[in-house]
Amino acid sequence: MIELEGVSKSFVQDRNRVPALRGVSLSIGKGEFYVLLGASGCGKTTTLRIVAGLERPDTGTVSIDGRQVFDHTAGTWVGPEERPQAMVFQSYALWPHMTIRQNIAFPLRRGVRRAAKDEVAARVDEALELFRLTEQADRRVTQLSGGQQQRVALARALALRPKVLLMDEPLSNLDAGLRMDLRLELKELSRRTGITCLLVTHDQEEAMMLADRVGIMQGGGIVQEGAPDELYNAPASEFVATFLDHMNLIRSASVTAGDTDGAEITASGQRLRLGPGDHRVGTTLTVGIRPDDVVIVVDPLSGSAPATNLVTGRPIDHHYLGGHFLHRVETPFGLLNVRSPIGPDRFASGTVCLQLPAERLITMAS
Ligand code: ADP
Ligand code: MG
């Protein structure tokens, strides 16, 4: 439904050409919910505006619904009004002097999308219904809360029956509770309507929750793409691992032994077993482990204590997070963050034994 091939774009800033996108390629299937995730300035909005036709790339090709809308070499260009899309922004961009109903109806009545009067009324009613706005339909949009305003903006976009819905940080202005509600609505909606969705955000949790597939952007390119659990469980690089989650990293680990059941790595003179995987002896890796996955071994000398992947550390400090603690522990691998329900009163002061379970260790390229 959406295809980008080798799309580059630079902007002039202070008389210098600064690249914003460096050869972005992307393929989004019909009905798919795709999320571009990245820090501010990495090129998310530029990518979205290129799909919308609000920005013209320097190189590459763009197709929507099988139709080429931009081809640098052939000089093809199809303007935004001829593309089968609707867009929703972080600022709701509603017309303040209009009612909810008028805001939804207005784009339907004008331009190339001009629809018959009955058709407009039917689509507006349907959109109102979809977002449970029917009762407030004749209120001015300025009388609404932020969450309701964004629902109007979404209703307005969907009333256009777009094949593609483009959303630029649509939930970022909402407070946490409303954001969660609207995420659920958005997810449900995409399932029900089958509209292809492309959403950009800097919020990891939002991306994980909404996406069928996430593309992680850094410095104007997509550095990894996959289903949320694939990215979470197998980040390809330190950047992806630390961006998605606060992962502990053990750098410069070398694979010192290996067989089909797993490998053994050595870092800072300590050995650790890895779970099954393809690791060749002699290679150097970065190993990650999440704070939740580090186990505090309260009584390392008891018979039931785990025997492998133990490391002794010195607790630096403890933070109560409500229900569990964050301990920072100095170990031969460096400072490790440990999140555990076990409080500091349960282990002797000055020393703590940790286990880094083999099946919880995530390996990535150094
Ligand atoms: P994001 O949405 O991920 O925060 P953007 O796509 O808005 O990132 O911006 C990517 C880069 O391109 C940034 O360095 C930004 O300053 C630059 N940029 C974007 N739009 C323009 C513009 N119209 N003029 C100049 N520079 C721009
Ligand atoms: Mg942006």
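**Note on the ligand 1 shell, a helix pair and the strand pairings**

1. Helix α1 makes the greatest contribution to the shell around ligand 1, supplying 3 residues. The model is a predicted one, and every remark below should be read with that in mind. Besides α1, which spans 44–52, strand β1 (2–13) also gives at least two residues to this shell.

2. The full set of residues around ligand 1 consists of Phe11, Gln13, Ala20, Gly38, Ser40, Gly41, Cys42, Gly43, Lys44, Thr45 and Thr46. When these shell residues are sorted by class, 7 are polar, 3 are nonpolar and 1 is charged.

3. Turning to helix packing, helix α2 (residues 100–109) and helix α4 (residues 146–159) have axes that come within 9 Å and cross at roughly 30°. Because angles under 35 degrees count as roughly parallel, α2 is to be described as roughly parallel to α4. The crossing of these two helices, α2 and α4, is right-handed.

4. On the α2 side, the contact is formed by Ile100, Asn103, Ile104, Pro107 and Leu108, while α4 contributes Val152, Ala155, Arg156 and Ala159. The class count for the contact of α2 with α4 is 7 nonpolar residues, 1 polar and 1 charged.

5. Strand β10 (residues 213–218) takes part in two pairings that differ in direction, running parallel to strand β3 (residues 33–37), to which 4 bridges join it, and antiparallel to strand β11 (residues 221–226), to which it is joined by 5 bridges. Val214 of β10 can serve as a reference point for both, since this residue is the bridge partner of Val35 and also stands opposite Gly226 in β11.

6. The hairpin of β10 and β11 has 2 residues between the strands, and in this hairpin Gly219 takes a positive phi near 55°.

7. The model also contains an open sheet of 5 strands, in which the pairing is antiparallel and the order is β2-β1-β4-β5-β6. Its edge strands are β2 (16–28) and β6 (76–77), each of which pairs on one side only. Within this order, strand β4 (residues 59–64) and strand β5 (residues 67–71) run antiparallel and are joined by 4 bridges, with Phe70 of β5 as the bridge partner of Val62. Strand β1, named above for its residues in the shell around ligand 1, stands between β2 and β4 in the strand order.

Methods
Residues are numbered from 1 along each chain as its sequence is written. Chains are lettered from A and ligands numbered from 1 in the order in which they are written. This is a predicted model: local features need pLDDT of at least 70, side-chain atom pairs count only at pLDDT 80 or more; totals for chains, interfaces and linings use all residues. A residue is near a molecule or strand if its C-beta atom, placed from the backbone, lies within 6 Å of it. Ala, Val, Leu, Ile, Met, Phe, Trp, Tyr, Cys and Pro count as nonpolar, Asp, Glu, Lys and Arg as charged, and the others, Gly among them, as polar. Axes are lines fitted to C-alpha atoms, for helices over the stretch in contact, and angles run from 0 to 180 degrees between N-to-C directions. Angles under 35 degrees count as roughly parallel, over 145 as roughly antiparallel, 65 to 115 as roughly perpendicular and the rest as oblique. A crossing is left-handed if the near helix is turned anticlockwise from the far one by less than a right angle, and right-handed if clockwise. Two residues are in contact if their C-beta atoms, placed from the backbone, lie within 7 Å. Two strands pair if DSSP finds at least two bridges between them.
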